[in-house]
Amino acid sequence: MKMPQVVCLPGSVAPAPQRYGPLIKAVGDLADLHLKELEVYRGATPPSDYTIDEELEAIDRFADSKGLARFHLVGYSGGGFISLAYAATRAQRIHSLGLFEPARIPGQLTNEERAFFSFLESKLRGLDGPEFMKVFVSEQVKPGVQVQPPPTAASPEMQKRPAGIAALIRQFEAYSFDRQLFGACRFPVFYAYGDLSHDEQAMKAGILARLFPDVRVRRFSGVHHFVPPEQIYTAAHVGALLQLWSAAELSLQE
């Protein structure tokens with residue numbers, strides 16, 4: 001049987017090879033992972049007319065270039081938001097959706113979601129560079145959790161991140177989406193999060209569990225949003241993804 005074909009979207013901080021390198025190594029020859037960078041970082045600064053639709057259309061082109069009519073989709077953080085939007089608007093292309101702590105769920109926010117994101121945006125307002133990154137990181141873990149500070153001498157690639165993150169946050173808000181689309185999705189969804197991340201991750205898991213017909217949620221201990229990827233993609237996590245991909249493909253043969 002042909003191995004699962006998987007498109008992986010990173011978040012807003014680490015590039016795709018850094019984010020998914022440990023997953024590629026752990027999966028080995030059991031699946032073929034295709035890494036897709038976010039369009040917001042295509043240039044030195046985000047385009048003034050950047051939109052989420054640009055990300056979705058770029059995934060279409062990327063998958064077409066790989067000859068993938070259908071595929072499994074994996075998304076982390078900001079890439080998780082984009083993966084949710086893509087999977088719901090192009091469900092015919094998706095075998096399964098695997099998420100680790102999506103930055104946000106597309107569509108109209110609940111009161112609880114609105115309260116968290118309004119607070120985060122208020123904390124970030126007016127900040128730039130290392131100070132922006134420090135607050136962005138610290139406000140997304142539970143109180144008292146120690147997070148390694150961002151490097152003071154950032155690479156050119158990392159210097160793009162504060163502006164890119166700010167652009168993504170603006171476009172998360174601007175993107176028009178009907179959450180009822182999730183109810184029509186017939187592919188399985190796996191939602192993973194860490195017990196050291198802010199409680200909003202558990203809140204989002206609960207919301208998606210009510211919206212998608214087939215969702216499996218798993219909380220991993222000792223993990224938060226910003227631990228190194230090798231601490232996220234443990235044997236248990238990788239095993240859950242392999243099971244997700246295998247079960248999704250078997251269901252297509254029934």
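In this predicted model, a good place to start is Arg104, which lies over the face of Phe117, 5.3 Å from the ring centre. A second arginine does much the same kind of thing elsewhere: Arg161 sits over the face of Tyr41, and here the distance to the ring centre is 3.8 Å. Both count as a charge over a ring because the CZ of Arg falls within 6 Å of the ring centre and within 35 degrees of the ring normal.

Rings also meet other rings. A pair of aromatic rings is described by how far apart the centres are and by the angle of the planes. The structure holds 13 aromatic pairs. One of them joins Phe132 and Phe136, a stacked pair with 6.2 Å from centre to centre and 15 degrees between the planes. Both residues belong to helix 5, which covers residues 129-138, and they are 4 residues apart, or about one turn of the helix. As for exposure, Phe132 is buried because its relative accessible area is 5%, and Phe136 is buried too, with a value of 6%.

Tyr191 and Tyr193 make an edge-to-face pair, with centres 6.2 Å apart and planes at 65 degrees. The pair counts as edge-to-face because its angle of 65 degrees is over the 60 degrees needed for that label. Tyr191 and Tyr193 are both buried.

Then there is a bigger gathering to look at. Phe81, Phe172, Tyr175, Phe177, Phe182, Phe187 and Phe212 come together as one aromatic cluster.

Methods: Residues are numbered from 1 along each chain as its sequence is written. This is a predicted model: local features need pLDDT of at least 70, side-chain atom pairs count only at pLDDT 80 or more; totals for chains, interfaces and linings use all residues. Side-chain values use heavy atoms; hydrogens and water are left out. Rings of Phe, Tyr and Trp (its six-membered ring) pair if their centres lie within 6.5 Å; planes under 30 degrees apart count as stacked, over 60 as edge-to-face and the rest as tilted. Helices (H or I, at least four residues) and strands (E, at least two) are DSSP runs, numbered from the N terminus. Buried means under 20% relative accessible area, exposed over 50%, partly exposed in between (1.4 Å probe, protein chains only).
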